[in-house]
Amino acid sequence: MSFDGMETPGRNDECWCGSGKKYKKCHLANDERMEDLANQGFEVLPRTLLKSAADIEGIKYSAEVNVGSLDYVAEHIGVGTSTEEIDQWVYDYCIAHDAIPADLNYEGFPKSVCTSINEVVCHGIPSPDDVLKSGDIVNVDMSTIRNGYFSDSSRMFCIGEVSDEARRLVEVTRASVQAGLAAVKPWGFLGDVSAAVNKVATDAGYTVVREFGGHGIGLEFHEDPWVGFNEKAGTGPVLVPGMCFTIEPMVNMGGQEIDMSDPNGWTVRTADGKPTAQWEVQLVVTETGYELISW
Ligand code: MF3
Ligand code: CO
């Protein structure tokens with residue numbers, strides 16, 4: 001019995017990943033290393049989460065639309081844009097590119113994208129009543145399904161004249177994601193990524209939301225592992241080539257606490273009403289580090 005219950009092919013049989021190569025020329029060495037780490041007591045996730053080369057191509061094809069729709073938003077957003085318009089832009093962009101927004105009807109979410117302004121931590125619902133004004137900071141969180149594959153990323157936009165302190169929050173949060181990416185190493189730990197993100201945010205005097213985090217993604221919208229950003233280095237699941245997940249910390253200017261009492265069941269705010277920021281990237285772990293998939 002292997003560490004994850006998957007049947008192990010013979011050395012000269014086809015690899016389980018679908019590459020068509022012999023097992024000994026494909027995942028054998030990788031699997032032995034995973035098995036060994038599992039036997040040593042480390043947290044090793046099942047191989048069903050590892051993406052094949054064909055999966056990665058499919059996920060990238062999906063991400064072309066995710067990135068393209070956010071680029072479109074970047075070119076058109078500004079003072080006077082309503083979040084409803086953003087929703088319409090990304091919906092139209094997806095449909096024009098053989099894709100559908102993953103958010104739409106996801107667990108009942110009513111729109112195609114999340115638009116989270118100022119003190120909204122995440123899951124803001126686009127509305128014609130929410131018109132962006134100078135000084136706002138807004139997160140646009142986009143997810144796409146194309147040919148059955150999922151992609152997910154989000155960006156912050158500074159609208160008009162933004163205060164120095166709000167701009168700093170946005171920039172530090174972006175830097176925290178970059179630090180997280182730099183910590184992605186095959187055979188390292190997910191906690192290394194978390195700790196790198198958290199250090200950048202907390203060194204700047206901010207707090208990182210505990211209740212929401214990143215996630216595995218690819219064949220489904222939200223797969224294992226869950227990716228928290230308040231974890232310690234050297235803890236959590238081992239990073240293995242082929243794992244695909246997001247880094248998406250929500251960084252608060254004030255306290256860590258959030259308010260989930262909005263009657264719409266979605267919109268999450270900071271408890272103290274202070275601004276919050278988030279950037280999200282999607283990556284795949286490679287033999288040498290990572291490859292960025294969506295941003
Ligand atoms: N895009 C979000 C994420 O990063 C999920 C949004 S779910 C929705 O995981 F239903 F609110 F759209
Ligand atoms: Co996500």
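**Figure 1. Glu 107 sits in the loop between β1 (100-101) and β2 (114-117)**. The view comes from a predicted model, as do the others. Glu 107 is not a glycine, yet its phi is positive, at about 50°. The residue is exposed, and its relative accessible area is 64%.

**Figure 2. Asn 147 occupies the loop between β4 (137-146) and β5**. Here too phi is positive, at about 55°, and the residue is not a glycine. Asn 147 counts as exposed, with 64% relative accessibility. Strand β5, on one side of this loop, covers residues 149-158.

**Figure 3. Four protein residues donate to the cobalt ion (ligand 2)**. Asp 152 contributes OD and His 215 contributes NE2. Glu 248 and Glu 280 each contribute OE. These protein donors lie 2.0 to 2.2 Å from the ion. Along the sequence, the donor residues follow the spacing D-x62-H-x32-E-x31-E. Asp 152 belongs to strand β5 (residues 149-158) and His 215 to strand β7 (residues 214-216), so this pair ties together parts 63 residues apart in sequence. Both Asp 152 and His 215 are buried.

**Figure 4. The donor atoms around the cobalt ion (ligand 2) form an irregular arrangement**. Six donor atoms surround the ion. The angles they subtend run from 52 to 159°. Six donors count as octahedral only if opposite donors are over 155 degrees apart and all others between 65 and 115. The arrangement is irregular because the angles reach down to 52°.

**Figure 5. Glu 280, a cobalt donor, lies in a loop**. The loop runs between β13 (276-278) and β14 (281-285). Glu 280 has a relative accessible area of 1% and is buried. Buried means under 20%, so the value of 1% qualifies. Glu 280 and Ser 151 are 129 residues apart along the chain. Their C-alpha atoms are separated by 11 Å.

**Figure 6. Fourteen residues surround ligand 1**. Those that come nearest are Asp 103, Asp 141, His 215, His 222 and Glu 248. His 215 and Glu 248 are also protein donors of the cobalt ion (ligand 2). By class, the shell holds five nonpolar, four polar and five charged residues.

**Figure 7. Polar side-chain atoms of Asp 141, Ser 143 and His 215 approach ligand 1**. For Asp 141, the distance to a nitrogen atom of the ligand is 3.0 Å. For Ser 143, the distance to a nitrogen atom of the ligand is 3.2 Å. For His 215, the partner is an oxygen atom of the ligand, at 3.0 Å. Taken alone, ligand 1 exposes 340 Å², and the protein buries 95% of that area.

**Figure 8. A cis peptide bond joins Asp 224 to Pro 225**. Its omega is near 0°. Pro 225 is part of strand β8 (residues 223-227).

**Figure 9. Arg 155, in strand β5, makes a contact with the backbone of Trp 295**. A polar atom of the Arg 155 side chain lies 3.2 Å from the backbone oxygen of Trp 295. Arg 155 counts as buried, at 11% relative accessibility. Asp 152, a donor to the cobalt ion (ligand 2), is also found in strand β5.

**Figure 10. Thr 267 lies in the loop between β11 (258-259) and β12 (268-270)**. Its side chain and that of Asn 264 are joined by a polar contact of 2.8 Å. Thr 267 counts as buried, with 7% relative accessibility.

**Figure 11. Gly 160 lies in the loop between β5 and α4 (164-182)**. At 40% relative accessibility, Gly 160 counts as partly exposed. Gly 160 and Leu 132 are 28 residues apart along the chain. The separation of their C-alpha atoms is 9.2 Å.

**Figure 12. Thr 235 lies in the loop between β8 and β9 (244-247)**. Thr 235 is partly exposed, with a relative accessible area of 33%. In sequence, Thr 235 and Asp 192 are 43 residues apart. In space, they are 7.3 Å apart, C-alpha to C-alpha.

Terms used. Residues numbered from 1 in each chain as written. Chains lettered and ligands numbered in written order. Predicted model: local features only at pLDDT ≥ 70, side-chain atom pairs only at ≥ 80, totals over all residues. Heavy atoms only, no water. Donors = N, O, S within 2.8 Å, 3.2 Å for Na, K, Ca; no water. Tetrahedral: all angles 85-135°; square planar, octahedral: opposite > 155°, others 65-115°. Helix = DSSP H or I, 4+ residues; strand = E, 2+ residues; numbered from the N terminus. Buried < 20%, exposed > 50% of the residue type's maximum accessible area, 1.4 Å probe, protein only. Near = heavy atom within 4 Å. Polar contact = N/O pair within 3.5 Å; in protein donor to acceptor, adjacent residues only side chain to side chain. Areas by Shrake-Rupley, 256 points an atom, 1.4 Å probe, with all protein chains shown as cover. Nonpolar A, V, L, I, M, F, W, Y, C, P; charged D, E, K, R; others polar.
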